[in-house]
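Colleague: I am new to this structure and would rather understand one part of it well than skim the whole. Please choose a single part, look at it closely, and show how it is connected to what surrounds it.

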Amino acid sequence: MHRWSQLFIPTLREAPADAEVASHKFLVRAGYIRQLAAGIYSYLFLGNRSFNKIMGIVREEMDKIGQEFFLPAIHPRELWEASGRWAVMGDNMFRLKDRKGADLCLSMTHEEVMTDIARKELRSYKQLPQIWYQIQTKFRDEARPKSGLLRVRQFIMKDSYSFDMDAAGLDVSYKKHYDAYCRIFDRCGLSYMVVEADSGAMGGSQSHEFMVRTPAGEDHIVSCEKCNYAANLEKAVSKLAAVEDLASAGDGKPLQVHTPGMKTIEDVAKFLGVSPKNKMKTLALMLEETDAKTGKAKTRGVVLLMRGDHQMHDAKLAAALGGKAARPMTEEEIKNLFNSPAGFLGPIGIAWAKDIKDVEHPLLLVDKALEGRSNLIGGANKEDYHLRNITPGRDFQPTAYADLRSVAAGEGCPNCGAPLRIDTAVEIGHIFKLGYKYSESMGARVLDKNGKEVTPIMGSYGIGIERILTASVEQGNDENGFWLPPQIAPFEIVVTPTNVSDEKIRAAAEDIAARLEAAGYQVLLDDRDERPGVKFKDADLVGIPFRVTVGKKVTEDTVEVVRRSTRQIEDASIPAITEYFARNLRSAG
RNA sequence: CGGGGAGUGGCUCAGCCUGGUAGAGCACCUGGUUCGGGACCAGGGGGUCGGAGGUUCAAAUCCUCUCUCCCCGACCA
């Protein structure tokens, strides 16, 4: 049994004023986690108990489907100190960029390390399939760590990799992970959802993210009110309500209209008395590429057309550009291409690339929502003028139509048409099919039944371990602190005698705590000689789901049991206290 | 990288505009009274005000430089 008086619980009562994220505020206040410089944090006593329980659950479930590897990690401090130099660890060589230059990263990613092992060790189809996992510290040079403890530079991650003979085998490994992740998060008592995710950056074919809905989250997820459609905003699609095109004005050809000083979509639409839905938005971007032959850097204009009320989505654009990121054009670049000041840009009168391979001309990507539309209003490439009657395909030829649009709340579900909602969420797990990317490029091969060389197909899977804890806190907190599901709380029950100098109360509390512990519960006895108010407040703060208050009612063989989450108070009989918790804690699971 | 803000006892901050003996709350130490939702009274310890330079009889305060941390932004032509 743990006694509060004998514990050293570092308690930072004051959270930084700017930290509005609950997990940061409370975990720091409760002394769970102490955030140090550069986002490196250490677990303190209570947090470590929660953390170990989470680790236990993760290991137990992962061991059912795979096996654990131990890979040594470089400490972040060494990473920083080694910046710009080579550091050698065993067979693997790590190259670090200098502090001012972009990301600090390992030349050998974890995928590559695992693939390297596979390349050296796997020889025969008889050895497949394999699922290998590891739990270790990861370090990311986040440009800006934020959201309290949710986005930090150092964290612990469970990551795993599967190797299979073929796509059907990968499907099985993927499903095993999907199910294992559900079991892990269920057992941790989290309320989460699984969404389809963009697998673009890693080049895979299918991907799911495990998300916890919370206002503190940074990711946006789209979900349907009615059916089970759920997707990451980067991946989400929607059905749009039909839009009525404008009638053609004049002779139906593009018609110049005077729009003095009207630079924004809203201004122009209002001025002309039309909806932004009938307006086109022109975005001028620049792609910086390296010429494959000469190795020289060069730029290429990328112009996007979107419906006036639509938002462009970065990841979708990057996907349309083959994974490359574009930056906004400078004023001068706009002038060179459009021969017009910003605010009056449009697609007409410019020679566009016929297809993506045509490198002589700028690209014109048109959002799919504009396909088939007619008589749109757009910039005239002339100061203070716009054009009516613009019809894509007739008045200009796009390089390609692409899905560039960010889904907005209220649009139709692609499956059932019901309104979609958008929420912020925190990602706690991610699984995706890697395909042959690493096994192919690193030359991993096994022999099949016929003695022929085959490249194994891979999957990659990750869980952010401490996010299970921080997300739980985001899910359950109030002004006095937070509560955790019993499965991952540092203790399940705190026994609080109101006055330890009253021998009757003290003895009863000891007895209750000992019996609960004997019955298999994790119990913390708050035997400190403190005022009751202090003990109650502390108990509220540290996340323990049940409190047993031992006080005046001992004379009637009664104590109070307080459920932290609901504040519900119930009397319980002292002799039958273990039965009470068998009923209310174990059965509730 | 761009724009804002902040650096003052252990913690959170006030003081700065208008220079003149460094303050408060919390925490800590001593004594006493309290004891079912962060007690009260009395006494006490602890800071060369991020750093460097300058102005001045005198700088936490004004000026210059510098370091560190935090927040916002880096799509809507």
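Modeller: A word that will be needed throughout is "buried": a residue is buried if 20 or more other C-beta atoms lie within 10 Å of its own. Tyr438 shows how this works, because with 25 C-beta neighbours inside 10 Å it counts as buried. Tyr438 sits in helix α9, residues 437–441, and, leaving out residues up to four places away in sequence, it touches Glu111, Glu112, Thr115 and Met458. Its C-alpha atom is 9.6 Å from that of Met114, although the two residues are 324 apart in sequence.

Please keep in mind that this is a predicted model. Chain A has 589 residues, of which 38% are buried, and its secondary structure comes to 13 helices and 32 strands. Among the contacts in chain A with a separation of 6 or more, 70% are between residues 24 or more positions apart.

The part I would choose for a close look is the open sheet of six strands, in which the order is β1-β28-β27-β30-β31-β32 and the pairing is mixed. Strands β1 (2–3) and β32 (569–573) stand at the edges and have a single partner strand each, so one side of each is left without a neighbour in the sheet. Within the sheet, β27 and strand β28 (residues 523–525) run parallel and are joined by three bridges, and Val495 has Leu525 of β28 as its bridge partner. Helix α13, residues 577–586, packs on this sheet, where it touches β27, β30 (546–550), β31 (558–563) and β32, and its direction makes about 135° with that of β32.

A good residue to follow here is Val494, which has its place in strand β27, residues 493–497. With 29 other C-beta atoms within 10 Å, Val494 passes the cut-off of 20 and is therefore buried. Not counting residues up to four places away in sequence, Val494 touches Leu524, Asp526, Ala539, Ile544 and Arg547. The C-alpha atoms of Val494 and Glu510, which are 16 residues apart along the chain, are separated by 12 Å.

One of those contacts, Ala539, leads to a helix beside the sheet: α12, residues 532–541, in which Lys535, Asp538, Ala539 and Asp540 are buried. The buried residues of α12 pack against β26, β27, β29 and β30. After α12 comes Gly543, whose phi is positive, near 90°.

Gly543 in turn leads to a second open sheet, since in β29 it is the bridge partner of Trp483. Strand β26 (residues 481–483) and β29 run parallel and are joined by two bridges. This sheet has three strands in the order β25-β26-β29, again with mixed pairing, and its edge strands are β25 (477–478) and β29 (542–543), each of which pairs on one side only.

Several residues of this part also belong to the largest nonpolar core. That core has 97 residues, and those touching the most other members are Ile428, Ile493, Val495, Ile512, Val523, Ile544 and Val550. The strand that gives the most to this core is β21 (residues 420–435), with seven residues. Another core lies apart from it, with 30 residues, among them Val366, Ile377, Ala380 and Leu387. As a general background, nonpolar side chains in soluble globular proteins tend to be buried together. Val550 links back to β27: leaving aside its neighbours within four places in sequence, its contacts include Val495, Thr496 and Pro497, together with Ile512 and Val559.

Strand β21 opens a view beyond the chosen sheet, for it pairs with strand β11 (residues 219–224) in the antiparallel sense over six bridges, and Asp219 stands opposite Ala425 in β21. β11 also pairs in the antiparallel sense with strand β12 (residues 230–232), over three bridges, and in this pairing Val222 stands opposite Ala231. β11 and β12 form a hairpin, with five residues between them.

Terms used: Residues are numbered from 1 along each chain as its sequence is written. Chains are lettered from A and ligands numbered from 1 in the order in which they are written. This is a predicted model: local features need pLDDT of at least 70, side-chain atom pairs count only at pLDDT 80 or more; totals for chains, interfaces and linings use all residues. A nonpolar core is a set of buried Ala, Val, Leu, Ile, Met, Phe, Trp, Tyr and Cys residues joined through C-beta atoms within 7 Å. A residue is buried if 20 or more other C-beta atoms lie within 10 Å of its own, exposed if 12 or fewer, and partly exposed in between; C-beta atoms are placed from the backbone. Helices (H or I, at least four residues) and strands (E, at least two) are DSSP runs, numbered from the N terminus. Two residues are in contact if their C-beta atoms, placed from the backbone, lie within 7 Å. Two strands pair if DSSP finds at least two bridges between them. Axes are lines fitted to C-alpha atoms, for helices over the stretch in contact, and angles run from 0 to 180 degrees between N-to-C directions.
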